[in-house]
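Please work through the following exercises with the sequence and the model at hand. Each task is followed by a solution in steps.

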Amino acid sequence: PDEQLDLDDGRWEDIHVVTGALKLFLRELPEPLIPFSHFDKFIAAIKIQDLSLRGRCIRDLVLSLPPAHHDTMKVLFRHLCRVVEHKEENRMSVQSVAIVFGPTLLRPASEESNMAMHMVFQNQVVEHILNHYGYIFPD
């Protein structure tokens, strides 16, 4: 059934409610926005020491995503970049956004032992995409 959502309802005024709903939606997708099949590739790419090679590698990985994943990512990250532009008012720096969204957008198929180590790299991938949005998603 088509559920009508009244965005004028007072409960949507709290930005944390909206952000929580978005994170929950992304977390409950059967497959993350960055598919399980790409997890290890992104983690390997973010570990590349040569910065220009790392940048090209991550851009190419994003380009290799299925169209629905790529296009959704482009819209989401464009929005997240706008959030970061207002970090003076909202206290959401690139690092903060990456900590909030890293584990939701990019996660391994099975949560095994090195979860804490993965999390650092998951956040770095999101940080990288935010910092290089124009290069990764040229218009």
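The exercises below concern helix geometry, helix packing and single residues in a predicted model.

**Exercise 1. Determine the length of helix α4 and list its buried residues.**

Solution.
- Step 1: Helix α4 covers residues 67–85, which is 19 residues.
- Step 2: From the first C-alpha to the last, α4 reaches 27 Å, close to the 27 Å expected at 1.5 Å a residue.
- Step 3: The buried residues of α4 are His-69, His-70, Met-73, Lys-74, Leu-76, Phe-77, Leu-80, Cys-81 and Val-84.
- Step 4: An α-helix has 3.6 residues a turn, so residues three or four places apart point the same way.
- Step 5: The partners against which the buried residues of α4 pack are α1 (15–27), α3 (51–63), α5 (87–90), α6 (94–105), α7 (115–131) and α8 (133–136).

**Exercise 2. Classify His-69 and Thr-72 as buried, partly exposed or exposed, and relate each to distant parts of the chain.**

Solution.
- Step 1: His-69 is found in helix α4, and Thr-72 lies in helix α4 as well.
- Step 2: The relative accessibility of His-69 is 17%, so His-69 counts as buried, the cut-off being under 20%.
- Step 3: For Thr-72 the value is 40%, and this residue therefore counts as partly exposed.
- Step 4: With neighbours within four places in sequence left aside, His-69 is in contact with Glu-31, Pro-32, Leu-33 and Pro-35.
- Step 5: Thr-72 and Leu-33 are 39 residues apart along the chain, and their C-alpha atoms are separated by 7.8 Å.

**Exercise 3. State how α4 and α7 are oriented and what kind of residues form their contact.**

Solution.
- Step 1: The two helices pack at an angle of about 80°, and their axes are 10 Å apart.
- Step 2: α4 is therefore roughly perpendicular to α7, since that term applies from 65 to 115 degrees.
- Step 3: From α4, Met-73, Phe-77, Leu-80 and Cys-81 meet Val-126, Ile-129 and Leu-130 of α7.
- Step 4: The contact of α4 with α7 has seven nonpolar, no polar and no charged residues.

**Exercise 4. Describe the packing of α2 with α3 and of α1 with α6.**

Solution.
- Step 1: Helix α2 (residues 36–46) packs with α3 at an angle of about 165°, with the axes 9 Å apart.
- Step 2: It follows that α2 and α3 are roughly antiparallel, and their crossing is left-handed.
- Step 3: His-38, Lys-41, Phe-42, Ala-45 and Ile-46 of α2 make this contact with Arg-54, Cys-57, Ile-58, Leu-61 and Val-62 of α3.
- Step 4: By class, the residues joining α2 and α3 are seven nonpolar, one polar and two charged.
- Step 5: For α1 and α6 the angle is about 25°, with the axes 9 Å apart.
- Step 6: Helices α1 and α6 are therefore roughly parallel, and their crossing is right-handed.
- Step 7: Thr-19, Leu-22, Lys-23, Leu-26 and Arg-27 of α1 contact Val-100, Phe-101, Thr-104 and Leu-105 of α6.
- Step 8: The contact of α1 with α6 comprises five nonpolar, two polar and two charged residues.

**Exercise 5. Locate Asp-6, assign its exposure and give its separation from Glu-85.**

Solution.
- Step 1: Asp-6 lies in the segment before α1.
- Step 2: With a relative accessible area of 47%, Asp-6 is partly exposed.
- Step 3: Asp-6 and Glu-85 are 79 residues apart in sequence and 28 Å apart in space, C-alpha to C-alpha.

Methods: Residues numbered from 1 in each chain as written. Predicted model: local features only at pLDDT ≥ 70, side-chain atom pairs only at ≥ 80, totals over all residues. Heavy atoms only, no water. Helix = DSSP H or I, 4+ residues; strand = E, 2+ residues; numbered from the N terminus. Expected span 1.5 Å × (residues − 1). Buried < 20%, exposed > 50% of the residue type's maximum accessible area, 1.4 Å probe, protein only. Contact = heavy atoms within 4.5 Å. Axes fitted to C-alpha atoms, helices over the stretch in contact; angles between N-to-C directions. Parallel < 35°, antiparallel > 145°, perpendicular 65-115°, else oblique. Left-handed = near helix turned anticlockwise from the far one by under 90°. Nonpolar A, V, L, I, M, F, W, Y, C, P; charged D, E, K, R; others polar.
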